[in-house]
Amino acid sequence: MESTKQQAFAFIDRHREEMTALWAVLVGHESSSADKAGVDSLAQRIADILKNDGATTRIVEFEQAGNLLVATLGEARNAAPIGLLGHYDTVFAKGTIEKRPFVIHEGRASGPGVLDMKGGVVILLYAIKALQAAGYATRPLKVVLAGDEEVAHARSNAAEVIQQEIKGCVAAFNFETGFVDNRVVVGRKGVGTYTMQAHGVAAHTGNDPQKGRSAILELAHKIIDIHALTDWDEGTTFSVGRIKGGTTSNTTPDFATMEIDVRCIKAAAERKFVAQLEAIAAKTYIDGTRTTLSGKMGFAPMESTPEVMRLFDLVAQTSAENGFPTPTPIQSGGGSDSSNAVIAGVPTVCSLGVKGERNHAPEEYAVVESLFERCKLAVACILNIDQLNFEGRSA
């Protein structure tokens with residue numbers, strides 16, 4: 001008799017073409033974060049696949065953001081679930097697929113979202129299929145997939161929903177973008193997006209220049225102040241990434257706005273930097289102007305707890321057992337929903353998706369063979385999870 005793992009691996013080997021075909025379908029089904037209809041229809045498509053595999057599914061609807069999918073297989077199993085995380089929205093605008101369709105060339109797959117993270121969704125789905133086919137019945141498998149991850153849940157409360165849904169899982173795996181050098185993410189910076197808006201007084205720059213109060217000049221002073229807040233030792237960085245304002249070159253601008261990206265390692269840093277930004281907003285350089293501040297943390301930091309590192313050790317051990325490349329743990333500057341799982345008390349390892357490079361860029365590609373390797377790794381990690389004795393720690 002073949003072991004459960006051998007049966008699951010054999011299932012993956014037999015379904016390589018089917019996995020690749022689904023990958024092409026998911027990439028071809030565009031789901032830009034800005035295209036709610038596209039995201040929501042893809043959520044339903046994935047839900048239908050999971051239903052066919054015996055899962056109970058639920059769509060959490062949002063008015064101004066892509067919907068979120070929750071699915072559970074084996075709800076009746078008497079054990080804490082294993083969480084499987086990811087997202088199906090992409091950064092690529094609707095219509096991109098017409099210019100860059102899904103293509104495989106010399107072992108690399110390309111197309112919008114092929115790496116981030118349509119390939120990861122295929123891995124998640126086929127890990128479940130393989131385990132089901134092999135008769136796995138130890139723990140429930142709980143899937144939580146977001147539809148607005150790429151915009152940091154700016155127009156939804158998806159972060160809170162994910163925390164609620166994943167709470168109580170014994171551990172979780174996130175199938176975000178994998179790295180070609182086999183790095184695995186065990187910690188991520190928190191990501192905040194804040195906006196400062198300056199209001200001034202418009203005037204003709206030729207006839208009444210002295211009556212003008214430039215909102216752009218006010219923000220120019222504040223940009224320097226904001227960038228000076230960066231603390232490399234603490235790991236908190238500030239970057240003004242976009243500014244706009246004014247109407248014409250011969251009119252003193254009475255309005256200007258800028259967007260600020262803030263990244264931090266520790267959740268406790270948020271209180272400090274929000275107070276710093278509020279102080280800068282309250283300060284006035286140009287008499288007659290005023291500035292407001294708005295925004296929030298889109299992703300809290302994913303902190304590398306001892307339990308997270310133990311879960312990483314399990315991934316590394318499982319890789320070695322099965323002849324897969326040795327992973328190395330890293331801290332990433334980018335955010336993901338793994339942070340919400342860790343906040344909920346669930347040890348989580350991130351970036352177990354298909355391996356590749358250049359995500360978010362036109363040159364984005366994924367290594368085709370890694371689709372199957374990572375699917376087998378996910379299966380093997382799930383089968384090994386009880387080696388950790390995590391039961392009850394995440395509840």
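Let me start with the lining of the largest cavity: 4 nonpolar, 2 polar and 3 charged residues. Keep in mind that this is a predicted model. The volume of that cavity is about 50 Å³. Who lines it? Asn182, Ser319, Phe324, Pro325, Pro327, Lys355, Glu373, Arg374 and Leu377. Which element gives the most to this lining? Helix α11 does, with 3 residues.

How many cavities of 30 Å³ or more are there? The count comes to 2. The second largest holds about 30 Å³ of space. Its lining is made up of Val27, Glu30, Ser31, Thr90, Phe92, Pro112 and Lys118. By class, that is 3 nonpolar, 2 polar and 2 charged.

A word on the principle. Rolling a probe the size of a water molecule over the atoms shows where empty space is left.

Now the open space. The largest pocket takes in about 730 Å³. It is lined by 32 residues, and those closest to its centre are Glu149, Glu150, Val191, Arg263 and Phe299. Several elements give two or more residues to this lining: β8 (178–179), β10 (190–199), β12 (255–264), β13 (290–299) and β16 (355–357). How does the lining split by class? We get 8 nonpolar, 12 polar and 12 charged residues.

Next, back to α11, this time for its packing. Helix α11 covers residues 368–384, and helix α9 covers residues 306–321. The two pack at an angle of about 115 degrees. Their axes are 9 Å apart. Is the crossing left-handed or right-handed? The crossing of α9 and α11 is right-handed. On the α9 side, the contact is made by Leu314, Val315, Thr318, Ser319 and Glu321. On the α11 side, Leu377, Ala380, Cys381 and Asn384 make it. By class, this contact has 5 nonpolar, 3 polar and 1 charged residues. Two of these names should sound familiar. Ser319 and Leu377 are in the helix contact, and Ser319 and Leu377 also line the largest cavity.

α11 has a second job for us today: the sheet. It lies across β4, β5, β8, β16 and β17 (365–367). Its angle to β17 is about 55 degrees. Those strands form an open sheet of 5, in the order β4-β5-β17-β16-β8, with mixed pairing. Why is one side of β4 (103–105) and of β8 left without a neighbour? Because β4 and β8 stand at the edges, each with a single partner strand. For β4, look at β5, residues 108–110: the two pair in the antiparallel sense, over 3 bridges. One bridge to pick out on screen: valine 103 has serine 110 in β5 as its partner.

A reminder on the chemistry. Strands of a sheet pair through backbone hydrogen bonds, either parallel or antiparallel.

On to another sheet. This one is open too, with 6 strands in the order β1-β2-β6-β3-β7-β15. The pairing is mixed here as well. Which strands stand at the edges? They are β1 (56–60) and β15 (348–349), each pairing on one side only. Further in, take strand β3, residues 82–87, and strand β7, residues 171–174. They run parallel, joined by 4 bridges. Within that pair, leucine 85 stands opposite asparagine 174 in β7.

Last topic: backbone geometry. Most residues other than glycine have a negative phi, and most peptide bonds are trans. Two places here are worth a look. First, where is the cis bond? The peptide bond from aspartate 116 to methionine 117 is cis, and omega is near -15 degrees. Methionine 117 belongs to helix α5, residues 114–133.

Then there is arginine 358. Its phi is positive, about 70 degrees, although it is not a glycine. Where does arginine 358 lie? In the loop between β16 and β17. Those two strands are also neighbours in the order of the 5-strand sheet.

Conventions
Residues are numbered from 1 along each chain as its sequence is written. This is a predicted model: local features need pLDDT of at least 70, side-chain atom pairs count only at pLDDT 80 or more; totals for chains, interfaces and linings use all residues. Side-chain values use heavy atoms; hydrogens and water are left out. On a 1 Å grid over the protein atoms alone, a cavity is a set of points where a 1.4 Å probe fits but cannot get out, and a pocket is an open set with protein on both sides within 12 Å along at least five of seven lines; lining residues have an atom within 4 Å of a point. Grid points are joined across faces, edges and corners, and a volume is the space filled by probe spheres set on the points. Ala, Val, Leu, Ile, Met, Phe, Trp, Tyr, Cys and Pro count as nonpolar, Asp, Glu, Lys and Arg as charged, and the others, Gly among them, as polar. Axes are lines fitted to C-alpha atoms, for helices over the stretch in contact, and angles run from 0 to 180 degrees between N-to-C directions. A crossing is left-handed if the near helix is turned anticlockwise from the far one by less than a right angle, and right-handed if clockwise. Contact means heavy atoms within 4.5 Å. Two strands pair if DSSP finds at least two bridges between them.
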